[in-house]
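Work through the exercises below with the sequence and the model open. Try each task before reading its solution.

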Amino acid sequence: MTCLELKGVSKRYDGAVQDALHALDLEIEEGEILGVVGASGSGKTTLLRLVAGLESPTTGELRIGGLKVAGEGAWVPPEKRGVGLVFQEGALFPHMTVEANVAYGLRGLSKEERMARLHYLLAMVNLRAAALRYPHELSGGERQRIALARALAPNPKMVLLDEPFSNLDPNLRTYLRDQLLAIIRKVNATALVVTHDTQDALVISDRLAILRDGQLVQHGPSRDVYHTPNDAYCARLFGPANALPEAWSGVAVGKGRPWIRPRELELLENEAPGTLEVQVHATQFLGDQLGVLVYPIGVDRAHEEPLLVHEDLYGHLHEVGATRWIRLRSIV
Amino acid sequence: MGVGRAEWRWDRWLIGAGLLCLVVVAPLVAVLFGLGQTGPEWGHVASTLLGDYLKNTAILAIVVSLLALLMALPAAWLVVTHEFPGRRVFEWALVLPLAFPTYVAALAYLQIPEMLIPTLVWVREQFGVDAFMLAQTLLRYGLLSVVLASVLFPYIYLSARTSFAHHNRALIEASQMLGQSGRATFFRIALPLSRPAIIAGLSLVVMEVLNDYGAVNLLGVPTLADGVFRTWFGLEDRVSAIRLAGLVTLIVLVLIGLEYAQRGKRSFADARTEERPIERCRLGRIGGIFAVICCGLPLTAGFLYPAWKLGQWSLLNLRDSVPSHFLPMLGRSLALAASASLMIVSVGFLLAFTARGCQSRSWKGLLRAATLGYAMPGAVVAVGVMMVFGNFDQWLDSNVLLSGTLLAVLFGYLTRFLAVAYQPISAGMDRLCGRLDEASQLLGDRRGRTFGRVILPLMRRPMLAAGMLVFVDVLKELPLTMILRPANFETLATKAFGLAKEGRIHEGALPSLAIVMVGIVVLIPLNRSLRGGGEQA
């Protein structure tokens, strides 16, 4: 069943000359996690705020659980939408304890039910011991977990996460990401996650939506979006990507994919069937792998970008100027 | 040996500034010492008058605080978070009542009790003398409370407005997303988050009520500050007046301690702010009318009505010609305020400059003590100055007396208003200069040259702002000037009060209006800089 449905949704802010979001069509199925990625200013946050009800669309309509919440003649305010929101830095109420924060949105429950729900939520995020502490006494990761517990407390139809892992150090970030993902999966929540970190998006999303200048430029299962990007913007959002060398165009390599990830290319010392002759232009030490920049023989180096190949660090030595052959790896 | 010249000079700066602080704080210390003195009349004052003074002061402080909160908070919340007709004008205009010294506002309202005499007579005829007395008392207290609250509420309005505007928007939105209505969000999130700011504004209101001499005197509600005055001049009992002043000082110190303690809990309230502009909720017809009333009533009571009355009376006064005493008095007041500002800003600057980079606790304590005068009633500071100068005169044992000279007045202003100059200068120095002076020194400039080439040019605006604030405060100051001035030396403030006291309220309107006009000229740019995030104080 469709949980969230956007039809032709546009948003233009007062005094702006162009739409922050333009004619967007998007659906999220129940229990699905949709990641929304895009460069800054692409309309990610606007999309999230429209769903939350913190902004109203200029045109188009929005349905949550089949109910029209915004659009012609309809408006359901944020407090009545049944949508949870986890803010970028948690936005925990600083004058309330963890317990009071989580219980803030619980209404219509008896005292016992309320306490039971509270204990369940705190146990879920593994922070029962922190119940009486204040937000400023928690670490960044703990704050985000409490923010998720608070957003899930009233049993929302869906939960929105706005850059939930930004401002965390890399180790904590990975840990928290895995934890939040596990919790969301456990309660089978439908989630819309806005993030500028495409690595996060790839890990947590079932499907991805890419926005550029307020328009949806690609969406689909995360794997497809990564391997078959529609254009350079979509391709490079997820890291370096090479345009398909001209020599391979028209050939049935890569099933018609115009963009190739560096890791999908293999560098050979000898010619083999389906390979392309290249010359090593430069190498880059990348930590756990080696980046090798190569030019196909005969291309105009002044106007063409080199191809980037990611090689095993402990593989062959590739001297600048050496001749090599590249081949496309098959994706499993 | 190992101590370089720079360090030695730094110490000299510190010692000089420390001595200066001691001099500034001397009147307050003298008053506190006065608490230990007893005179033959104290028993009489304590048994007959002190109770009334304390009771009146407490009632006024509580009623005025509640009224001021009621005027300030809805207005501040509405102008920050809602859109309604006239919002932009109200946003700055609600600061204007601050231009009115309390005694000037009281002067504008003095006619109201007269206008209500027929009603009071009717009460007496209908319900008897007791009811008449009660009605008269209630009228006096009520009117005084309204007058004080309507000119003092901007202290709360300003701090609450700034706090509401700088709330983390995400917190308000989070509350909405968790199903809370706008009203619940205001009471459960916005108000508790702004509590420290509101209490800071409220404590200023309470201090001003404690300080007030003119309004309470004109409307006949004797408070502690008025009591100091009456005991000194009315009963000619200096010892009791000094004890009373000591008592007020103690009360103020306790209040400051309480405010300081609650500020310590602020850590939670320093929630991050967001740069996203506030999206104001547009009010409908009924809501709009309600908002205009919420903002319009305090503005009318605290500014429009008294300004209209004073304007009307001044015009009547000016119909023939400008009173002959007016222009010389204006010149005298302006000159006094200007010289006081110059002196106080210089001292404030010196202290702020010395305070930089010095982490010594005793120095910080001394500095705090030296800037306490602003919280003390003018009458108390004046009593302290009289004690210090009296002792000094005795010690000099010459024919020249320092008490009763302009020097004593200026010294009183220094003790009372040093904080007004010190705070913006110190804040400006922290913000503007950073480590620039160190950079300049490392580039080869000596301390003096750094001072002239880097610090002074950068500090021009904060110093000007500080000077303007002190200027207006000095111009408005009444009890301190009345006690310490040389005989027959009249300022706008003393003249306005004196004329009102003699019942010549129409004549008092002109000097009052002059004080208010100067106040407005200073308040408007200051308010703008506050609204713009105070980029240049």
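Domain bounds here come from an automatic or database domain assignment. The model is predicted: local features need pLDDT of at least 70, side-chain atom pairs count only at pLDDT 80 or more, and totals for chains, interfaces and linings use all residues. Residues are numbered from 1 along each chain as its sequence is written, while chains are lettered from A and ligands numbered from 1 in the order in which they are written.

**Exercise 1. Domains of chain B**

Task: Which residues does the assignment give to domain 1 and domain 2 of chain B? Describe the side of domain 1 that touches domain 2.

Solution. Start with the bounds. Domain 1 of chain B covers 1-34 + 326-484, and domain 2 covers 38-271 + 283-299. Their C-alpha centres lie 29 Å apart. Next, take the contact, where two residues count if their C-beta atoms, placed from the backbone, lie within 7 Å. Domain 1 of chain B brings 15 residues and domain 2 of chain B brings 20. Then look for the elements; helices (H or I, at least four residues) and strands (E, at least two) are DSSP runs, numbered from the N terminus. On the domain 1 side, α1 (5-34) and α16 (378-396) of chain B each supply at least two residues. The most come from α16(B), with five residues. Last, sort by class: Ala, Val, Leu, Ile, Met, Phe, Trp, Tyr, Cys and Pro are nonpolar, Asp, Glu, Lys and Arg charged, and the others, Gly among them, polar. This side of domain 1 of chain B has twelve nonpolar, two polar and one charged residues.

**Exercise 2. The contact between the chains**

Task: How many residues does each chain give to the contact? Find the element of chain B with the largest share.

Solution. Chain B gives 18 residues and chain A gives 18 residues. On the chain B side, α8 (169-177) and α9 (182-211) are the elements that give two or more residues. The largest share, six residues, belongs to α8(B). By class, this side of chain B has eleven nonpolar, six polar and one charged.

**Exercise 3. An open sheet in chain A**

Task: Why is one side of β2 and of β6 in chain A left without a neighbour in the sheet?

Solution. Write down the strand order first. This open sheet of five strands runs β2-β1-β4-β5-β6 (chain A), with antiparallel pairing. Strands pair if DSSP finds at least two bridges between them. Now read off the ends: β2 (21-29) and β6 (74-75) of chain A are at the edges with a single partner strand each, so one side of each has no neighbour in the sheet. Add the packing helix. Helix α1 (residues 44-52) of chain A touches β1, β2 and β4 of chain A, and its direction makes about 120° with that of β1(A); axes are lines fitted to C-alpha atoms, for helices over the stretch in contact, and angles run from 0 to 180 degrees between N-to-C directions.

**Exercise 4. A:Gln179**

Task: Is A:Gln179 buried, partly exposed or exposed, and why?

Solution. Locate the residue: A:Gln179 lies in helix α5 (residues 170-186) of chain A. Set the cut-offs: a residue is buried if 20 or more other C-beta atoms, placed from the backbone, lie within 10 Å of its own, exposed if 12 or fewer, and partly exposed in between. A:Gln179 counts as partly exposed because it has 16 C-beta neighbours inside 10 Å. For the whole chain, 41% of the 332 residues of chain A count as buried.
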